[in-house]
Amino acid sequence: MGQPQESLEIVIITGISGAGRRTAAHTMEDLGWYVVDNLPPTLLPALADRLGADERIAVVVDVRSKVQFDQLPDAFAQLKARGYRVTVMFIEATDDVIVQRQESNRRPLPLQGGDRLIDGIVRERRLLADLRATADIVVDTSKLSARQLAQRVANHFGTDASDKLHVAIMSFGFKNGLPVDADIVFDVRFLPNPFWVPELRPKTGLSPDVAGYVLGHEAAQEFQERMVGIVDTVAPGYLTEGKRQVTLAIGCTGGKHRSTSMSEELATRLRERGYGVSVLHRDLGKE
């Protein structure tokens, strides 16, 4: 057995087949990580022991390993006992999206057998339920393009880890559905809507005019302070529990005006406080 390498960082990429694990793995490779696909869980500790302390490795582990998948909890325990830093990223999507994707590429799911696609999805979800519940990062790709998924992955792992919490901020529109992978959701529909101002309607929250209109209200400034306060409150606990990334979702009606302006302003304030911050505008352009 190799000596513990406390700085060795390991990311486990897992999740539902068809949700985007391959895109996530390719992105990690582009970011300079050493990527291994479909590694049997029993080999995880041995692989980690043979790499240098400065390595960053991402390992795709999923139900293709079949019976060995049950040994994943024991492999995690061994990695953590050796002092390795392990982050689990779980990629998922809704059943209808998975069915659509699999039918387009005409490939069966690993646990489908001779049954329907939906039967294979149900079996995977059941097998992965505990892993999903304990994952450090959950990314729902149902409403994300491959480019947006790559951006989410890059936001989390494109920079060196630090002792500060990394905050991923996502603006969205409630009419397009809640982001189920958010840790905390903020609703800014109480703010005056620039949509009803004719000269602002065609612009987005990234426009200085719209941002000035949204942030010029006292309620917006007070809400910003409260959101920063919440991050400051939860950050120590997240870090103590080993969670180094948190996703905040800020929503308005369509995801075009208020949520984008508030997201960009919150990002600025958190960066000033030393947090690593990334911003994704999920629904911009969908209105």
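This passage describes the nonpolar cores, one buried serine and the internal cavity of a predicted model.

The largest nonpolar core comprises 52 residues, among which Ile12, Ile13 and Leu44 touch the most other members. Strand β4, spanning residues 85-92, supplies the largest share of this core, with five residues. A second core of 30 residues lies apart from the largest one and includes Val188, Leu215, Ala235 and Tyr275. The surroundings of Leu44 were examined further. When neighbours within four places in sequence are left aside, Leu44 is in contact with Ile12, Leu39, Val59, Val61, Leu72, Ala75, Phe76 and Leu79. Ile12 thus appears both among the residues that touch the most other core members and among the contacts of Leu44.

Ser261 is located in helix α9, which covers residues 258-272. Ser261 counts as buried because its relative accessibility is 2%, where the cut-off for burial is under 20%. Beyond residues up to four places away in sequence, Ser261 touches Gly205, Val210, Ala211, Val214 and Leu215. Of these contacts, Leu215 is also a member of the core of 30 residues.

Internal space was considered next. The structure holds one cavity of 30 Å³ or more, and the space in the largest cavity amounts to about 30 Å³. Its lining consists of Arg152, Asn155, Ala168, Ile169, Met170, Thr247, Ser278, Val279 and Leu280. Two or more lining residues come from each of α6 (146-157), β6 (166-173) and β9 (276-281). In terms of residue class, five nonpolar, three polar and one charged residues line the largest cavity.

Key. Residues are numbered from 1 along each chain as its sequence is written. This is a predicted model: local features need pLDDT of at least 70, side-chain atom pairs count only at pLDDT 80 or more; totals for chains, interfaces and linings use all residues. Side-chain values use heavy atoms; hydrogens and water are left out. Helices (H or I, at least four residues) and strands (E, at least two) are DSSP runs, numbered from the N terminus. Buried means under 20% relative accessible area, exposed over 50%, partly exposed in between (1.4 Å probe, protein chains only). Contact means heavy atoms within 4.5 Å. A nonpolar core is a set of buried Ala, Val, Leu, Ile, Met, Phe, Trp, Tyr and Cys residues joined through side-chain atoms within 4.5 Å. On a 1 Å grid over the protein atoms alone, a cavity is a set of points where a 1.4 Å probe fits but cannot get out, and a pocket is an open set with protein on both sides within 12 Å along at least five of seven lines; lining residues have an atom within 4 Å of a point. Grid points are joined across faces, edges and corners, and a volume is the space filled by probe spheres set on the points. Ala, Val, Leu, Ile, Met, Phe, Trp, Tyr, Cys and Pro count as nonpolar, Asp, Glu, Lys and Arg as charged, and the others, Gly among them, as polar.
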